[in-house]
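Biologist: Before I use the labels on this model, I would like to hear what stands behind each of them. Please go through them with me.

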Amino acid sequence: MKSSLRNVRYALLSVSDKTGILSLAQNLIKYNVKLIATSGTAKYLSKNGVSVLPVSEYINYPEMMNGKVKTLHPKIHGGILSSDSDQLNYPDHNCFKIDMVVTNFYPFSQAIKKNHKIVDILEYIDIGGLALARSAAKNYKCVTILVNHKQYPMIIEEMHKFSGSTKHLKKSKNQINLDDNNFPYLISSVFLKKEDMRYGENQHQKSAFYTDAEVYPGTIAYANQKQGRKLSYNNIIDADIAISCVMSLTELACVIVKHAVPCSVAISSNLTDAYNIAYSSDPSSAFGGVIAFNKPLDMQTARTITKYQFSEIIIAPVVEKDALAILALYKNIRVLECGYFVKKSFVEFKKVHCGLLVQEYDNFNLNKNSLNVVTHKVPCISEVQNALFLWKIIKFVKSNAIIYGNNQQTLGIGSGQSSRIFAAKIAYYKAKEQNLNLNRAVMASDGFFPFRDTIDFAAKLGISCIIQPGGSIHDLKIISAANEHNISMIFTNIRCFRH
């Protein structure tokens, strides 16, 4: 997403909340910006010595219905919506191109608290302000839109920096530009409802699934449901993790997810083998889980899945017709086609009460040349391969996380523990349940080891190689413990927590 500078020549001001508007207006006129304002805003600014053109004079038409109709006029919205190519038409209609719109909305929620009569509350339903904001947003390439007084200092600073100009986006995407390593002051994004969910996290909660305005293949937002019951809130979360995890693997792979955690992952030369190996790692957790592949789902694999287990969802980039015919016999299985992943730079959002967390997506990938071996013993080729395999998976496992694996197969996954040693023990119990041999297996940890207890525990299991971020104040003790047990240890120098 790139930006360009544009001069601001005319600004329309129409605000219910006058907080900060005087300072903004005073700064705008420093750069010879002509101000057009609705009656209340115009009176306030004129009283404080700022020259403005009232909207009623500009459109040559009085406000109507006690101010209900002020800005709903072609000269206003034409000036906001017009592009550079329309400029030749302005003189014919005595119409100015409006480069900036400053508005805010009537305090409807406050009105509800103060008033009990519906006739009084209805007066606070904003029409003109919303229409101005939507017109300006539609013409985002040519118009700067401000809808909150907290944005004013940002735009003032920007105009000082660029001598009266503002930045305008060239592309409209629900994507934040991090090229300059800065998050924007304001996040404004459009989400479209894809479908209503059967229910939320629990049956008594209503929910719906919204997607970005632009979605990419290889994502749950892009997926097309081929059969089965409607998806639930939890189905979407599990499917998103399953798709993200399996699409991070370049080799033919199968990922099984249960309760928002990968419970088993395997790589093989064909899809059926990949599923069989993944399923054998943790069949009890696989029951009712989400199964995802990064290659087309074939008939043999579909038949094998239905033979061994019940699954909530099966996902693949493409579902072959023969496979779909097999799965059609099992009406409750949801089958999704998600398309092939197209690598893009994403940001992630996490909603908290009255707030939003934003971070860039964890696209960091290790390769064998970036590994830092810190022990006397150097890992062999197969250990390095397994370490890299586990590292791709562990970033999808809730922290604290430990994974054991060998031969491109997870043997035990411990997740979501407040203690790393407990995560290691849970992963061991998972492997023990299936009589999986951990001798000469690799252990991956999503964070550093604060104590040597987990290293000592791994040694008793026969673990031969450990991959972890490093960075603990006790790193030297941890390395010493690995040397003592003749375990090779790799530092990634980067952690991959998932909360």
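The questions below take up salt bridges, burial, a surface patch and a cavity.

Modeller: This is a predicted model, where local features need pLDDT of at least 70 and side-chain atom pairs count only at pLDDT 80 or more, while totals for chains, interfaces and linings use all residues. Residues are numbered from 1 along each chain as its sequence is written, and side-chain values use heavy atoms, with hydrogens and water left out.

Biologist: What makes aspartate 99 and arginine 9 a salt bridge?

Modeller: A salt bridge is a side-chain nitrogen of Lys or Arg within 4 Å of a carboxyl oxygen of Asp or Glu. For aspartate 99 and arginine 9 the N to O distance is 3.1 Å, so the pair meets the rule. By this rule there are 10 salt bridges.

Biologist: Which other side chain meets aspartate 99 in a salt bridge?

Modeller: Lysine 97, at 3.6 Å, N to O. Arg9, Lys97 and Asp99 are thus linked in a network of salt bridges.

Biologist: Why is aspartate 99 called buried, and what is arginine 9 called?

Modeller: Buried means under 20% relative accessible area, exposed over 50%, and partly exposed in between (1.4 Å probe, protein chains only). Aspartate 99 has 1% relative accessibility, so it counts as buried. Arginine 9 has 37% and therefore counts as partly exposed. Lysine 97, at 4%, counts as buried.

Biologist: How do lysine 377 and glutamate 383 meet?

Modeller: Their side chains form a salt bridge at 4.0 Å, N to O. Glutamate 383 counts as buried because its relative accessibility is 4%.

Biologist: What makes the nonpolar surface patch, and how is leucine 356 classed?

Modeller: Patches are made of residues with over 30% relative accessible area and no salt bridge; like charges are joined within 9 Å, and nonpolar side chains (Val, Leu, Ile, Met, Phe, Trp, Tyr) within 5 Å. Phe191, Tyr210, Phe349 and Leu356 make a patch of about 390 Å², with areas from the Shrake-Rupley method and a 1.4 Å probe. Leucine 356 has 43% relative accessibility, so it counts as partly exposed.

Biologist: How many cavities are counted, and what volume has the largest?

Modeller: A cavity is a set of points on a 1 Å grid where a 1.4 Å probe fits but cannot get out; lining residues have an atom within 4 Å of a point. The count is 1 cavity of 30 Å³ or more, and the largest has a volume of about 110 Å³, the space filled by probe spheres set on the points. Its lining includes Asp362, Trp391 and Cys496.

Conventions: On a 1 Å grid over the protein atoms alone, a cavity is a set of points where a 1.4 Å probe fits but cannot get out, and a pocket is an open set with protein on both sides within 12 Å along at least five of seven lines; lining residues have an atom within 4 Å of a point.
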